[in-house]
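Let's take a walk through this one together. Have the sequence and the 3D view open, and we'll go from a single residue outwards.

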Protein chains: 2
Amino acid sequence: MPQPPLPPSQPTAGRHTRLERAEGDLQHCLLCDRSRGGLCNGVDRDGLEALAHSSRRLVLPPGSTMVEEGQTAEAFFNITRGTVKLFKSLPDGRRQITGFADPGQFLGLSRSGLYAFGAETVDTVHACRFQRPQFEALLNDQPDLKRNLLAAVTDKLAEAQEQMLLLGRKTAREKVASFLLGRAQAEQTMRGDTPPDPMPVASVPMTRVDIADYLGLTIETVSRTISALRREKLIASTENHGIRLLSPDALRQIATGQGAG
Amino acid sequence: MPQPPLPPSQPTAGRHTRLERAEGDLQHCLLCDRSRGGLCNGVDRDGLEALAHSSRRLVLPPGSTMVEEGQTAEAFFNITRGTVKLFKSLPDGRRQITGFADPGQFLGLSRSGLYAFGAETVDTVHACRFQRPQFEALLNDQPDLKRNLLAAVTDKLAEAQEQMLLLGRKTAREKVASFLLGRAQAEQTMRGDTPPDPMPVASVPMTRVDIADYLGLTIETVSRTISALRREKLIASTENHGIRLLSPDALRQIATGQGAG
DNA sequence: TGGTGTTATTGATTTATGTCAAAACACTCC
DNA sequence: GGAGTGTTTTGACATAAATCAATAACACCA
């Protein structure tokens, strides 16, 4: 189960290459799509002005470090585009990705004042950044925001519990099937597809290393398992980092331990 | 990795044997110790009356079902005494315990309206129960309560992330060492011990089955690992379900993958 | 277009942990 | 106090996934 001792935390290439718009730019909040359960859902015009005033918009290239484990928690982020990976590491370099934050999700909460996790962009990411003190003030002034945040954290906790079941009790095959279904699901709720596509595409912008670190496996096992599912015609690769689920029902059976094989 | 297919969810013996005090009994809130970071921390006299009015006190024997996965989320609980296990299951009976709720902790939040997990008492548990609609009203009226709850959920999320690292990336030995340290830590913060005991006792009221389901191992591996740590004089069993940590530092090294052996 | 570094795949082998089995221990209840 | 039941420990063996090792596919840039 131990991983190869990687060189601990190589410095990130494009860490300071982010673009920032001027603070207080109201447009970015008014234009932001906040219809589907994001943090800013239901916040009124006045609230949006306050939000716009205390947030900045960032555009971050792939592989950017957003948050480093153990550093003081200075900012809170709301993702508007792209995917961020959150992770925790052991001193010898073993790493567990605890989740992927897609558009509409947040990151950066901390109780102790220090980030308990690291966060890095997977692809190009657009995000709103709030400085901590301003954000806390906003929370107290905007009951909608506070309610949305509590709901969002509750969601994250349920997701984390599901992932613990996966990590502790599922086989490699069950893990990979669950992952693909989860990605397809995320894709659909993000796009608001309804009714669900009978053969949805899972967006998989992350590398095998990331998938392995998310599922508690090695890259070889991930690769072998995906190959097996493809051989069995349950999935098919598409262009640009997508995987089409040819039989979501069969995958669901597998993911819940009721599948063949 | 698959577990033996247990018979799915045997009915609980003492499920309806709980004692309930009359609703609106103000005493139980006034007498409750809410000094150390519980949900009711900082709530004023008026707030307490409101809390007392909409909560009931329960005393539950060991092995009681508090919450069943998939059922409608009707209540919210605050634990005041004893330990509760939270878990998720697969159809074939494999189970993952996602956490233990000790005094001062809550359980029962849900976004969807259905519980996403089960909860069962480990030993005799005292808890405050709130009906959902009343609790939501309380949250809106009591800003302190809302803040405490957000903080508590944030804590739980951080804990869940730590547990994902354990489940996905730690060896059996590292898992058991982490577990014992965690239990000793919980014991100390609960009792408010400061400075920390150099040879603390971890309270372990749960069975090997529960420990195994919490760590993503089998009971045999848990047993063997505890035996090994005992043979190495790193721990020693005490009376009533306790384990004394003879060398917390060595255990910490092991838990973070830096230990010998 | 071809070269170079990275990422993914596939194969052969090892190993940590799971599975199966039995003995030791701990309670409870007549 | 001993029979009966459940839990924990220990041992022998099996196996899923890790590790080690090549090769193949891809991406990026000159």
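## Starting from one valine

Leaving aside neighbours within four places in sequence, Val43(A) is in contact with Leu48(A), Leu51(A), Gln142(A), Asp144(A) and Leu145(A). Keep in mind as you look around that this is a predicted model. To find the valine, go to the loop between helix H1 (27-31) and helix H2 (45-54) of chain A. Is Val43(A) buried or exposed? With a relative accessible area of 7%, Val43(A) is buried, because anything under 20% counts as such. There's also a long jump in sequence to look at here: Val43(A) and Asn148(A) sit 105 residues apart along the chain, yet their C-alpha atoms are 9.5 Å apart in space.

Now hop over to chain B and look at Gln142(B), which lies in the loop between H3 and H4 of that chain. Once you set aside residues up to four places away in sequence, Gln142(B) touches Val43(B), Asp44(B), Gly47(B) and Ala50(B). This glutamine counts as buried too, at 12% relative accessibility.

Let's zoom out to chain A as a whole. Its secondary structure comes to eight helices and twelve strands. Of its 261 residues, 50% count as buried. What about contacts that reach across the sequence? Take the contacts in chain A between residues at least 6 apart in sequence: 71% of them join residues at least 24 apart. As for the outside, chain A has an accessible surface of about 12000 Å², and carbon and sulfur atoms account for 52% of that.

Next, the charged pairs. How many salt bridges does the structure hold over all chains? The total is 35. One of them joins the side chains of Asp102(A) and Arg183(A), at 3.3 Å from N to O. This pair ties together distant parts of the chain: Asp102(A) is in the loop between strand S6 (95-101) and strand S7 (106-107) of chain A, while Arg183(A) is in helix H5 (residues 172-191), 81 residues apart. Asp102(A) is buried, with a relative accessible area of 8%, and Arg183(A) is buried as well, at 7%. So both ends of this bridge fall under the 20% cut-off for buried residues.

For another pair, go to chain B, where the side chains of Lys88(B) and Glu69(B) meet in a salt bridge at 3.8 Å, N to O. Here again distant parts of the chain are linked: Lys88(B) belongs to strand S5 of chain B, and Glu69(B) sits in the loop between strand S3 (65-67) and strand S4 (75-81), 19 residues apart. Lys88(B) is buried, with a relative accessible area of 6%, whereas Glu69(B) counts as partly exposed at 36%.

A local pair can be found in helix H3 (residues 132-141) of chain B, where Glu136(B) and Arg132(B) both lie, four residues apart, or about one turn of the helix. These two form a salt bridge, with the closest N and O atoms 3.7 Å apart. Which of the two is buried, and which is partly exposed? Arg132(B) counts as buried at 16% relative accessibility, while Glu136(B) is partly exposed at 43%.

Some charged residues are joined into a network that takes in both chains: Lys85(A), Arg95(A), Glu120(A), Asp210(A), Asp213(A) and Arg169(B) are linked by salt bridges. That brings us to where the chains meet. The contact takes 49 residues from chain B and 48 from chain A. Between them, an area of about 4400 Å² is buried, with carbon and sulfur atoms giving 67% of it.

What polar links cross between the chains? There are 16 residue pairs in polar contact, counting those with both residues at pLDDT 80 or more. The salt bridges between chain B and chain A number eight. Among them is the one where the side chains of Arg169(A) and Asp213(B) meet, at 2.8 Å from N to O. On the chain B side, strand S5 (84-89), strand S6 (95-101), helix H4 (143-169), helix H5 (172-191) and helix H6 (208-215) each supply at least two of the residues that touch chain A. H4(B) gives the most, with 20 residues. By type, the residues on that side of chain B divide into 20 nonpolar, 14 polar and 15 charged.

Note on methods
Residues numbered from 1 in each chain as written. Chains lettered and ligands numbered in written order. Predicted model: local features only at pLDDT ≥ 70, side-chain atom pairs only at ≥ 80, totals over all residues. Heavy atoms only, no water. Buried < 20%, exposed > 50% of the residue type's maximum accessible area, 1.4 Å probe, protein only. Contact = heavy atoms within 4.5 Å. Areas by Shrake-Rupley, 256 points an atom, 1.4 Å probe, with all protein chains shown as cover. Buried area = accessible area lost by both parts, 1.4 Å probe. Salt bridge = Lys/Arg side-chain N within 4 Å of Asp/Glu carboxyl O. Polar contact = N/O pair within 3.5 Å; in protein donor to acceptor, adjacent residues only side chain to side chain. Nonpolar A, V, L, I, M, F, W, Y, C, P; charged D, E, K, R; others polar.
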